[in-house]
Amino acid sequence: MSVTSGGQTSNSKTFFVQVPTSLGVLSVSTIATGANGGCTTAQNYGIHIDARYRVKDQNGSAIQSAAMAPQESVNNSAWGDIGPNAVMTTAFTNSDGTHDDAPVGVCSASSFSNVIETQAVRMDVNGGYYNVRTNSFTISGSSSGHGSISNGSDIVQTR
Amino acid sequence: MKTIAVASVIALCSVIAVSQRKLAEDDPQWRQQTVVRAFHEVSDGLSTSWSEKYLARLGDSAAPEIMSYVRSRPLSNHDTLTPLSLVRMSFANPNLIRHASNRTPTNSLALLDYLDKHTEDSNTKSKIKSVSDGLRSQFSATRSNGKN
């Protein structure tokens, strides 16, 4: 960009506009049975996790902003906010651009296997939407207190 | 001074944009989709984190959608237990309910009354009463806390 004033043009200056482009996984942890967001003792087969993400730009650098609202569409349903949830107190990212999707998973009173849930994630930035990730989760619960969840890449958790 | 004024206007616009975000919970189609999805999952003995979270945000506004779905199909005793679970899930965490008005279980109690009138099974009736009593006591506790 350059500025022209009084017939004179300044040197040009390049600006880089960060656009939400992807989500990086910072950590994945199991939510304990009975804890906020965890499976209950009555439905203790399966697993609920807390997945912490960081929003990245086109260059893979973190976007440090609290003005992004993570949204999801599960199995092609209409879009809804990921937060507030068991960890997030608002619909928006933290000031460092991170957020917790918690809980994520399936619980049951009996065993189940290979439940597939496809979660598309986008960022709402003042009404502009940016697709950042798609998780295809496979979730199982083999016995009481045990379960697994995997997206086949960077989210793999068992208990 | 001019810079401060412009920055203030931008900040104000951002705040207005944030506060005017359209919530999925206000979309009747989204509510219906959420309830139908949860109904099938619970009928299958599953509880997904997504249905739990979405219903917990709806509170009392889930009840008309549950009622609508229940009325669209013949009810078995098993089917009666499923809407009961959905009502429980809708009030699982009152702090998550998006609109304060949906913390009052008016429609949910009407739904429970409807379910009670449409079942003869004493075990099911007992469970309906338990959920109904739970909602009433939860609501009166919330109201007392609000007054304090």
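The buried residues of helix 3 of chain B are a good place to start: Ser49(B), Trp50(B), Ser51(B), Glu52(B), Lys53(B), Tyr54(B), Leu55(B), Ala56(B), Arg57(B) and Leu58(B). That is 10 of the 10 residues of helix 3, so the helix is largely enclosed by the rest of the structure. Buried here means that 20 or more other C-beta atoms lie within 10 Å of the residue's own, while 12 or fewer makes a residue exposed and anything in between partly exposed, with C-beta atoms placed from the backbone. Helices (H or I, at least four residues) and strands (E, at least two) are DSSP runs, numbered from the N terminus.

A word on what you're looking at: this is a predicted model, in which local features need pLDDT of at least 70 and side-chain atom pairs count only at pLDDT 80 or more, while totals for chains, interfaces and linings use all residues. Residues are numbered from 1 along each chain as its sequence is written, and chains are lettered from A and ligands numbered from 1 in the order in which they are written.

Back to helix 3 of chain B. Helix 2 (residues 28–43) of chain B packs against helix 3 (residues 49–58) at an angle of about 130 degrees, and their axes are 10 Å apart. The axes are lines fitted to C-alpha atoms, for helices over the stretch in contact, and angles run from 0 to 180 degrees between N-to-C directions. That makes the two helices of chain B oblique to each other; the cut-offs are under 35 degrees for roughly parallel, over 145 for roughly antiparallel, 65 to 115 for roughly perpendicular, and oblique for the rest. On the helix 2 side, Arg31(B), Thr34(B), Arg37(B), Ala38(B) and Glu41(B) meet Ser51(B), Tyr54(B), Leu55(B) and Leu58(B) of helix 3. Contact means that the C-beta atoms of two residues, placed from the backbone, lie within 7 Å. By class, this helix contact has 4 nonpolar, 2 polar and 3 charged residues, where Ala, Val, Leu, Ile, Met, Phe, Trp, Tyr, Cys and Pro count as nonpolar, Asp, Glu, Lys and Arg as charged, and the others, Gly among them, as polar. Right after helix 3 of chain B comes Gly59(B), with a positive phi near 55 degrees.

Zooming out, chain B has 7 helices and 1 strand, running α-α-β-α-α-α-α-α from the N terminus. Of its 148 residues, 34% count as buried. For a contrast with helix 3, try Ser126(B), which sits in helix 7 (residues 122–147) of chain B and is exposed, with 9 other C-beta atoms within 10 Å.

Now for the partner. In all, 25 residues of chain A are in contact with 18 residues of chain B. Strand 7 of chain A gives the most to the side of chain A that touches chain B, with 6 residues. Strand 7 of chain A is also joined by 3 bridges to strand 1 (residues 46–48) of chain B, and the two run antiparallel. In that pairing, Val106(A) has Thr48(B) as its bridge partner. Two strands pair if DSSP finds at least two bridges between them.

Chain A also has an open sheet of 6 strands in the order 6-5-8-9-10-11, with antiparallel pairing. Strand 6 (80–81) and strand 11 (156–158) of chain A stand at the edges with a single partner strand each, so one side of each is left without a neighbour in the sheet. Strand 10 (residues 148–150) of chain A is joined to strand 11 by 3 bridges, and Ser150(A) stands opposite Val156(A) there.
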